Amino acid sequence: MTTRQLQDLIEKMSTDEKLAQITQLNPVCFGFPYITPLTGPDPGLRIDRNLASSIGSVLNCDNASDAAAMQKAHLQEDPHSIPLLFMADIIHGFKTIFPIPLAMGCSFSPSNIEEASRIAALESSVSGIHVTFSPMGDLVRDPRWGRVMESFGEDPLLNSMLCAASVRGYQGADVRQPYHIASCIKHFAAYGAPEGGREYNTVDMSRGILHETYLPAYRSALQAGAEMVMAAFHVFDRVPASASPYLLSRILRDEWDFQGAVISDFNSVGELIAHGVARDGKEAAEKAISAGLDIEMMSTHYMENLNISLQEGTITEQMLDDAVLRILSLKNKLGLFEHPYKDASPEAEKKYHLCPEHRAAARRIAGESIVLLKNEGILPLDTNSLLGLTGPFSRSPHVLGGWSAGNTEGVSLYEGLCGKIPSSRIKINEWGEAGSALEENSDIDVIPEDLIASFRDCPIVIAAVGENQIDTGEGASKTVLRLSPHQEQLLQVLSEAGKKVIAVIFSGRPLEIFPVLPYCAAVIQAWFPGTEAGNALADILFGDVNPSARLSMSFPYTVGQIPVYYNHFNTGRPRVPSAPPTRYISAYLDCPEKPLYPFGYGLSYSDFIYSDMKLTQGEGGTGSDSKGLTASITVTNASPVDGIETVQLYIRDMHASVVRPVKELKDFCRIFIPGGEARQISFRITKETLSFYQTDSFLFDPGYFEIMIGKNSEDTLSETIYIDETFIGKQEKEMP
Ligand code: GLC
């Protein structure tokens with residue numbers, strides 16, 4: 001349909017039909033059998049069928065036959081035969097579950113994210129889904145927040161690149177094509193910075209930090225073509241994001257020219273009352289739609305009130321028609337008017353869900369997302385070793401993490417190990433599932449009496465520890481990030497018994513693992529690796545995969561350090577290593593100010609050595625006169641083991657009109673280097689590389705810049721250089 005035809009359709013719709021069209025409910029709310037869990041508090045909405053006959057979109061249907069049944073019933077009842085739009089949270093897979101996004105962020109691989117999203121789109125589209133509430137572009141610096149698992153981490157560039165890759169994977173070149181779904185980027189904006197890491201809590205930051213650090217990922221997703229935006233729950237600048245004219249109109253519409261639909265989060269319109277900016281549902285509805293919120297999810301204040309508001313003139317017919325046009329335009333882009341069932345097919349579900357190709361992709365991507373944090377020469381294991389295995393994740397299938405689309409089980413570590421060595425060579429002494437902070441006395445496990453005796457013949461013991469996956473995701477903020485007391489005791493007892501302990505940590509966030517490091521000869525941060533967890537871990541443990549992942553989020557020494565992140569400001573009293581000791585610096589009396597493990601950190605079985613850093617004007621060729629700067633480095637794999645290294649470029653603007661971070665990731669390169677060989681890697685530095693957010697745009701300030709290249713944000717070679725307009729290239733493209 002053309003836009004004119006859509007507008008003609010809108011003209012035929014009654015006000016009630018328009019208001020229903022911009023309302024989204026879970027199937028249970030309008031008379032369909034309860035088919036999927038609610039992803040928020042049940043608001044008790046049960047609207048009758050005649051009202052429901054014009055509802056515009058459905059939240060969280062999860063299979064083809066139910067989606068088709070709902071669509072068929074709806075098309076028979078809707079006076080204008082406007083098809084339903086089915087939306088759901090496909091965050092890191094649909095049936096084949098990939099590692100949590102925070103883990104996939106550690107792969108530093110946009111192609112991995114794009115492939116995982118493409119597969120998720122295929123598997124969910126054949127189950128009737130049209131739109132996913134993903135990627136989550138929220139930048140995170142606080143592991144107390146349970147939803148860090150859904151983020152690609154603490155860096156603006158990495159977040160931006162991976163969010164754009166995710167959108168490309170979901171949408172392809174055209175969402176109308178088979179097996180593609182539309183992407184809804186969330187949660188606009190800066191939901192990842194709640195005070196205290198506490199869910200739904202206030203976010204307060206300068207507009208400069210907002211634009212420079214937190215907004216780039218959302219903008220990058222929209223530049224990649226994301227069709228929708230979800231407004232967040234929290235308050236920003238004393239206004240709830242779901243009713244913020246600054247966020248939803250000034251930035252999204254005026255500055256970014258976003259033409260798509262903006263949807264609320266789960267009842268976030270209704271929550272304007274609790275926030276104290278709306279006396280009742282009517283005022284909440286008026287404030288939200290006036291700010292630019294098109295679709296109301298899981299509350300019906302638009303349906304119940306805006307008719308009156310229109311008559312009063314509090315809102316205009318144009319506001320309402322614009323909102324309706326945006327959702328109808330998305331349905332049209334998806335081809336739903338012609339093909340209302342799009343890709344929904346029970347036969348295709350059987351063919352594609354968890355098919356071998358998808359599982360193979362999940363296993364490969366998990367292997368590139370698992371981070372080797374410590375290795376005292378004990379890994380990789382040889383296949384002749386007799387292995388001890390213990391801890392709550394020894395045989396647990398609960399390795400998918402939060403937001404796994406209703407799936408709960410993957411390949412356990414034990415199963416993975418049995419794929420490498422005979423089970424007769426694995427001595428397992430397991431205990432129950434990891435406790436949960438949601439349960440009283442959750443740390444109920446006790447160290448098995450026979451633990452050490454059972455591992456008498458096992459010089460090496462794998463301890464599979466971590467947090468229960470129900471303690472991650474939404475509504476899972478925690479103030480204690482250590483392993484449970486019994487898990488810490490387990491590692492200590494094994495170590496003190498002379499065992500070589502390999503800790504495999506399952507978590508949806510950086511945990512406080514410093515206290516147990518002395519007991520471990522090796523530490524693997526597994527995150528929640530998804531459907532193929534055990535196989536991917538076994539691949540790494542036995543060296544069939546050389547770990548290449550690098551941390552997407554810093555690990556703190558202690559929760560007391562939080563927020564701790566790499567791209568911080570210098571302060572006026574930084575620690576100066578060469579200066580005499582003093583207390584009058586920006587540091588702690590009882591803890592280092594740096595993280596335990598920094599952003600970009602991760603070990604390999606190879607040994608990569610960096611040398612011969614060069615800065616060259618122009619393209620880096622033979623003194624070509626083209627503008628810009630090329631920074632190059634030689635990386636040598638000094639081991640016999642082939643491996644992938646993620647070479648990282650950081651830059652510091654030494655002096656500018658506003659304070660600048662001590663370093664910022666400006667580029668990176670994942671490169672395969674055969675054992676014993678070397679490669680030269682070059683990075684192009686142009687004006688927009690060096691630009692930063694000033695009054696209302698990204699601009700370049702001439703001056704001294706420190707150029708750093710290395711294997712993580714702390715271990716780099718560096719050169720400092722003066723750069724001005726004559727030396728650096730022209731602004732080639734708008735910053736993300
Ligand atoms: C939840 C989440 C949001 C999700 C939505 C629909 O409250 O905040 O990320 O997309 O509800 O399930």
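This is a short walk through one predicted model, from its ligand site to its cores, strands and a few single residues.

Okay, let's start with the ligand. Which residues come nearest to it? There are 14 residues around the ligand, and the nearest are Thr39, Asp89, Arg147, His187 and Asp265. Two of those also show up when you look at polar atoms. The side chain of Thr39 has an N or O atom 2.5 Å from a ligand oxygen, and for Arg147, a polar side-chain atom sits 2.7 Å from an oxygen of the ligand. Then there's Glu474, where a side-chain N or O atom is 3.0 Å from a ligand oxygen. How much of the ligand's own accessible area does the protein cover? On its own the ligand has 310 Å² of accessible area, and the protein covers 100% of that.

Next, the nonpolar cores. In soluble globular proteins, nonpolar side chains tend to be buried together. Here, the largest nonpolar core has 195 residues, and Phe188 and Ile513 have the most contacts inside it. Which helix gives the most to this core? That's H14, residues 317–333, with 7 residues. If you click on Ile513 and skip the neighbours within four places in sequence, you'll find it in contact with Leu373, Ile505, Val523, Phe555, Leu596 and Tyr597. There's also a second, separate core of 23 residues, and among its members are Leu649, Ile709, Ile723 and Phe727.

Keep Ile709 and Ile723 in mind while we turn to a pair of strands. Strand E24 covers residues 703–710 and strand E25 covers 716–723, and the two pair in the antiparallel sense over 8 bridges. A hairpin of 5 residues joins E24 to E25. If you want one spot to look at, find Glu706, which stands opposite Thr720 in E25.

Right, on to Gln648, in strand E19, residues 643–653. Is Gln648 buried or exposed? Buried, because its relative accessible area is 0%, under the 20% cut-off. Its side chain reaches two backbone oxygens: that of Gly600 at 3.1 Å, and that of Thr646 at 3.3 Å. Leaving out residues up to four places away in sequence, Gln648 touches quite a list, including Arg550, Leu665, Asp667 and Phe668. That list also has Met708, Ile709 and Gly710, and those numbers fall in the E24 range, 703–710.

Now compare a loop residue, Glu227. You'll find Glu227 between helix H9 (216–223) and strand E6 (228–231). Glu227 counts as buried too, because its relative accessible area is 14%, again under 20%. Not counting neighbours within four places in sequence, Glu227 is in contact with residues including Gln171, Val175, Phe258, Leu330 and Lys333. Leu330 and Lys333 have numbers inside the range of H14, 317–333, the helix we met with the core.

A quick look at helix H10, residues 245–255. Which of its residues are buried? Tyr246, Leu247, Leu248, Ile251, Leu252 and Arg253. Just after H10, Asp257 takes a positive phi of about 55°.

Last stop: Thr2, in the segment before helix H1 (3–12). Thr2 has a relative accessible area of 43%, so it lands between the 20% and 50% cut-offs and is called partly exposed. How far is its C-alpha from that of Leu272? The two are 270 residues apart along the chain, and their C-alpha atoms are separated by 36 Å.

That's the tour, thanks.

Key:
Residues are numbered from 1 along each chain as its sequence is written. This is a predicted model: local features need pLDDT of at least 70, side-chain atom pairs count only at pLDDT 80 or more; totals for chains, interfaces and linings use all residues. Side-chain values use heavy atoms; hydrogens and water are left out. Helices (H or I, at least four residues) and strands (E, at least two) are DSSP runs, numbered from the N terminus. Buried means under 20% relative accessible area, exposed over 50%, partly exposed in between (1.4 Å probe, protein chains only). Two strands pair if DSSP finds at least two bridges between them. A nonpolar core is a set of buried Ala, Val, Leu, Ile, Met, Phe, Trp, Tyr and Cys residues joined through side-chain atoms within 4.5 Å. Contact means heavy atoms within 4.5 Å. A residue is near a molecule or strand if one of its heavy atoms lies within 4 Å of it. A polar contact is a pair of N or O atoms within 3.5 Å; within protein, one must be able to donate a hydrogen and the other to accept it, and residues adjacent in sequence count only if both atoms are side-chain atoms. Accessible areas come from the Shrake-Rupley method with a 1.4 Å probe; for residues, only the protein chains shown count as cover.
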